[in-house]
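Please look over the sequence and the model shown below before reading on. The paragraphs that follow lead through the structure step by step, from single residues to the chain as a whole and back again.

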Amino acid sequence: MTDPIVVGVDGSRSSRQAVTWAAQEATLRKAPLHVVHAALRWAYDVPLVPQPAHWGPAEEAACEELLRQAAEQARSDSPTLKVTTEILDGSAAEAIATAAETAQLIVVGRRGLGGSTGLLLGSVSYDLAARSPCPVVVVNQPPTARDTEIVVGLTGRTGQDCLLEFAFDEAVLRRRPLRAVHAWTHPATRAPGDMQPLVYDVEEVGDEEARLLAESLGGWRERFPGVTLVEHVVHEHPAKALIDASESAELVIVGAPGRTMFLTSTVRSLLHHAQAPVAVHRTSHARRDQAFPARNRRDIT
């Protein structure tokens, strides 16, 4: 069975946008869609501070209704889409990341309802992007540009093959051109311990950065001959360059270090200010070999 796409919902406008995006992506990938909602189920009368929200039949019914509406929304534009739902136990980021161990993609909204029951607060989307076992798409708003493209941010160095493969696959699925953006602010160091020059020729360094980007893309044009590839090198802070590029993008793809639980300032700025959905792809990550959780799963017919 094809790995599912997992989307987190909390009833907010942002999460509804995430459901729409996830349903479209699942249709493109011919994958099932798994709609989840995280809740702290606390059924014990223990004096804790702060007191967790009590879990009972009313809370269960409210979550069921939330998932039912989200599933109906997902299938409204794709009647043949396979949709399942699940109530997850625990904090939002941790619960969704665990549920997505065998998912090919996680989709969440950038902002949620807030308060103790809000699922998709900005901090949660950041935490999920930092810890997820698979790529995470944070949906802010649907793209508004008529002529759109897929944008991927690259360092111009090696070690980004997984990021490039994901970007090219999205360009193929959506039949969009791919813009590879490489932004630089200072000349790159060549070896550990090298010092950056105090004075340098911007045009000369720009030509060198363009050459490095071209080399990192070597072979990808031949592998994906049907994708129009645009190489964009700019003397600018990476966050600013990608935020600007997001104005005409259908999706912005960026890498995150795989050996840390923290996002770079560039990724965090992009998640906050981008004008298009942002996909965060960890450059390396480990995934546990386990079955997709079956508890509380419900087929929507």
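**A walk through the predicted model**

Val205 counts as buried, because its relative accessibility is 12% and the cut-off for buried is under 20%. This residue lies in helix 6, which covers residues 202-216. Val205 and Thr185 are separated by 20 residues in sequence, and their C-alpha atoms are 9.9 Å apart in space. The model in which these values were computed is a predicted one, and that should be kept in mind throughout.

From this one residue we can turn to the chain as a whole. The protein chain has 301 residues, of which 48% count as buried, and its secondary structure comes to nine helices and eleven strands. Among the contacts in the chain with a separation of 6 or more, 78% are made by residues that are 24 or more positions apart.

The buried part of the chain can be followed through its nonpolar cores. The largest nonpolar core has 45 residues, and within this core Leu33, Val107, Leu178 and Ile253 are the members that touch the most others. When neighbours within four places in sequence are left aside, Leu33 is in contact with Ile5, Val7, Ala22, Ala23, Ala26, Ala74, Leu81, Lys82, Val83 and Thr84. There is also a second, separate core of 41 residues, and this one includes Ile96, Ala241, Val252 and Leu271.

Next comes an open space in the model. The second largest pocket holds about 400 Å³ of space, and its lining is made up of 18 residues, with Leu154, Thr155, Gln160, Val254 and Gly255 lying nearest the centre. Two or more residues of this lining are given by each of strand 7 (178-184), helix 8 (238-245), strand 9 (249-256) and helix 9 (265-273). In its chemical character the lining of the second largest pocket divides into nine nonpolar residues and nine polar ones, with no charged residue.

Two of the residues nearest the pocket centre can be described further. Leu154 has its place in the loop between strand 6 (149-153) and helix 5, and it counts as buried because its relative accessibility is 6%. Beyond its neighbours within four places in sequence, Leu154 is in contact with Gln160, Leu163, Leu164, Ala180, Val181, His182, Leu213 and Leu217. For one of these partners, Val181, the C-alpha atom lies 6.0 Å from that of Leu154, although the two residues are 27 apart in sequence. Gln160 is found in the loop between strand 6 and helix 5, and this residue too is buried, with a relative accessible area of 10%. With neighbours within four places in sequence again set aside, Gln160 is in contact with Gly153, Leu154 and Thr155.

The loop that holds these two residues leads to helix 5. Helix 5 has 14 residues (residues 161-174), and at 1.5 Å a residue it should span 20 Å, which agrees with the 20 Å between its end C-alpha atoms. The buried residues of helix 5 are Leu163, Leu164, Phe166, Ala167, Phe168, Glu170, Ala171 and Arg174. After helix 5 comes Arg175, which has a positive phi near 55 degrees.

Why is a positive phi worth a remark? Most residues other than glycine have a negative phi. Arg175 is not a glycine, yet its phi is positive at about 55 degrees. It is found in the loop between helix 5 and strand 7, and it counts as exposed because its relative accessibility is 75%. Lys30, likewise not a glycine, has a positive phi of about 55 degrees. Lys30 lies in the loop between helix 1 (13-29) and strand 2 (33-39), where it is exposed, with a relative accessible area of 70%.

Helix 1 also offers a buried residue with which to end. Ser14 is found in helix 1, and at 11% relative accessibility it counts as buried. Leaving out neighbours within four places in sequence, Ser14 is in contact with Gly109, Arg110, Arg111 and Val139.

Terms used
Residues numbered from 1 in each chain as written. Predicted model: local features only at pLDDT ≥ 70, side-chain atom pairs only at ≥ 80, totals over all residues. Heavy atoms only, no water. Core = buried A, V, L, I, M, F, W, Y, C linked by side-chain atoms within 4.5 Å. Buried < 20%, exposed > 50% of the residue type's maximum accessible area, 1.4 Å probe, protein only. Contact = heavy atoms within 4.5 Å. 1 Å grid on protein atoms, 1.4 Å probe; cavity = no way out; pocket = protein on both sides within 12 Å on 5 of 7 lines; lining within 4 Å. Points joined across faces, edges and corners; volume = space filled by probe spheres on them. Helix = DSSP H or I, 4+ residues; strand = E, 2+ residues; numbered from the N terminus. Nonpolar A, V, L, I, M, F, W, Y, C, P; charged D, E, K, R; others polar. Expected span 1.5 Å × (residues − 1).
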